[in-house]
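Student: I have a protein model open and I'm not sure how to read it. Could you walk me through a few features?

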Amino acid sequence: MKEKTNTLSPFDSKIHRMGRLSTIIVWAFFLLVPTAVCVAFQLNVDLLLTLKAAAPIMLIFAITGVCEKLSMSPIIGPGAVYLASSTGNIQNMKLPAALNAMNIMGCEEGSEKGRVVSIIAVATSSFVTTVIVFCGMLFLAPIMTPLLTNPVVAPAFDNMFPALVGPMVIPVVLKNIKVAALPVALAIVFAVAFGSVYASIQSILMVVVILISLGVYQIAYRKKGK
């Protein structure tokens with residue numbers, strides 16, 4: 001029998017080891033708060049009822065989470081994905097920060113330099129976000145609350161995510177429009193066809209679109225090779 005060789009570089013091996021360890025620590029801290037509350041107030045939790053209520057939410061977010069990791073890892077690298085998953089707000093903050101940093105530095109997506117730049121960008125974004133949120137909580141909450149809840153201005157803040165995603169998606173699509181055209185068209189067709197139901201099944205449709213995207217990329221890659 002042939003021995004199984006480790007194809008990962010020392011850098012990648014260390015990143016995965018630290019990423020797994022940090023993820024376990026973060027999970028422990030997440031579970032510590034509800035556990036401490038239950039112990040302190042002597043609350044009896046019905047686990048079966050809790051799992052029954054949480055199962056649909058867990059199913060949706062589990063699929064979305066797996067799809068996010070599979071789609072982001074080849075672009076920004078595992079180190080940035082571990083860090084972004086632990087600090088949160090991936091789509092709004094961490095992913096745009098990593099993509100913008102790679103673009104400024106002229107790094108190719110998925111390259112070793114790009115992965116290092118992504119880690120630094122995500123870490124910086126986490127620190128900056130934490131500082132801004134903390135300062136906003138202390139000083140800006142009384143000022144910003146009337147502004148954010150104003151019926152004239154509120155729709156603009158409700159559409160910040162689509163406004164951020166658009167500028168990120170267009171350069172990626174234009175970079176290889178032949179490969180990206182079908183997945184993007186399918187996503188638009190699904191959104192129009194399912195209408196109001198789309199939000200509840202978008203994680204399932206995301207899996208479908210990703211699988212089709214992989215198939216299209218594989219065909220295009222083979223044709224390019226020939």
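Tutor: Sure, and let's begin with a term. A residue is called exposed when its relative accessible area is over 50%, buried when that value is under 20%, and partly exposed in between. Keep in mind that this is a predicted model.

Student: Okay, let me try that on Q42. Is Q42 buried or exposed?

Tutor: Q42 has 70% relative accessibility, so it counts as exposed. You'll find Q42 in the loop between α1 and α2.

Student: What about the backbone there? What is the phi of Q42?

Tutor: General idea first: most residues other than glycine have a negative phi. Now the case here: Q42 is not a glycine, yet its phi is positive, at about 55°.

Student: Let me zoom out. How many helices and strands does the chain have?

Tutor: There are nine helices and zero strands. Going along the sequence, the pattern reads α-α-α-α-α-α-α-α-α. As for dimensions, the C-alpha atoms fill a box of roughly 65 × 60 × 40 Å along the principal axes.

Student: And how much of the chain is buried?

Tutor: Of its 226 residues, 21% count as buried. The accessible surface is about 16,600 Å², and 74% of that belongs to carbon and sulfur atoms.

Student: Which residues have the most contacts inside the largest nonpolar core?

Tutor: A nonpolar core is built from buried residues such as Leu, Ile and Met, joined through side-chain atoms within 4.5 Å. The largest one here has 16 residues, and M72, I76, L95 and M102 have the most contacts inside it. The elements giving two or more residues to this core are α2 (47–76), α3 (78–87), α4 (90–105) and α5 (112–148). The biggest share comes from α4, with six residues.

Student: Let me pick M102 from that group. What is M102 in contact with?

Tutor: Set aside the neighbours within four places in sequence, and M102 is in contact with I75, I76, C107, E108, E109, G114, V117 and S118.

Student: Now charges. How many salt bridges are there?

Tutor: The general idea is that side chains of opposite charge can pair when their charged atoms come close. In this model the count is one salt bridge. The side chains of R115 and D12 form it, at 2.9 Å from N to O. R115 is in helix α5 and D12 in helix α1 (residues 10–40), so this pair, 103 residues apart, links distant parts of the chain.

Student: Are those two partners buried or exposed?

Tutor: R115 has a relative accessible area of 18%, so it is buried. D12 is buried too, since its value is 11%. For the chain as a whole, there are 16 positive and 8 negative side chains, and the centres of the two sets lie 8 Å apart.

Student: Can we practise on two more residues? Where is S126 found?

Tutor: S126 is in helix α5. Its relative accessibility is 11%, so S126 counts as buried. Beyond its neighbours within four places in sequence, S126 is in contact with T87 and K94.

Student: And where does L8 sit?

Tutor: L8 is in the segment before α1. At 39% relative accessibility, L8 counts as partly exposed. Not counting residues up to four places away in sequence, L8 touches S13 and H16.

How values were computed:
Residues numbered from 1 in each chain as written. Predicted model: local features only at pLDDT ≥ 70, side-chain atom pairs only at ≥ 80, totals over all residues. Heavy atoms only, no water. Buried < 20%, exposed > 50% of the residue type's maximum accessible area, 1.4 Å probe, protein only. Helix = DSSP H or I, 4+ residues; strand = E, 2+ residues; numbered from the N terminus. Contact = heavy atoms within 4.5 Å. Areas by Shrake-Rupley, 256 points an atom, 1.4 Å probe, with all protein chains shown as cover. Lys, Arg positive; Asp, Glu negative; His and termini not counted. Charge placed at Lys NZ, Arg CZ, Asp CG, Glu CD. Salt bridge = Lys/Arg side-chain N within 4 Å of Asp/Glu carboxyl O.
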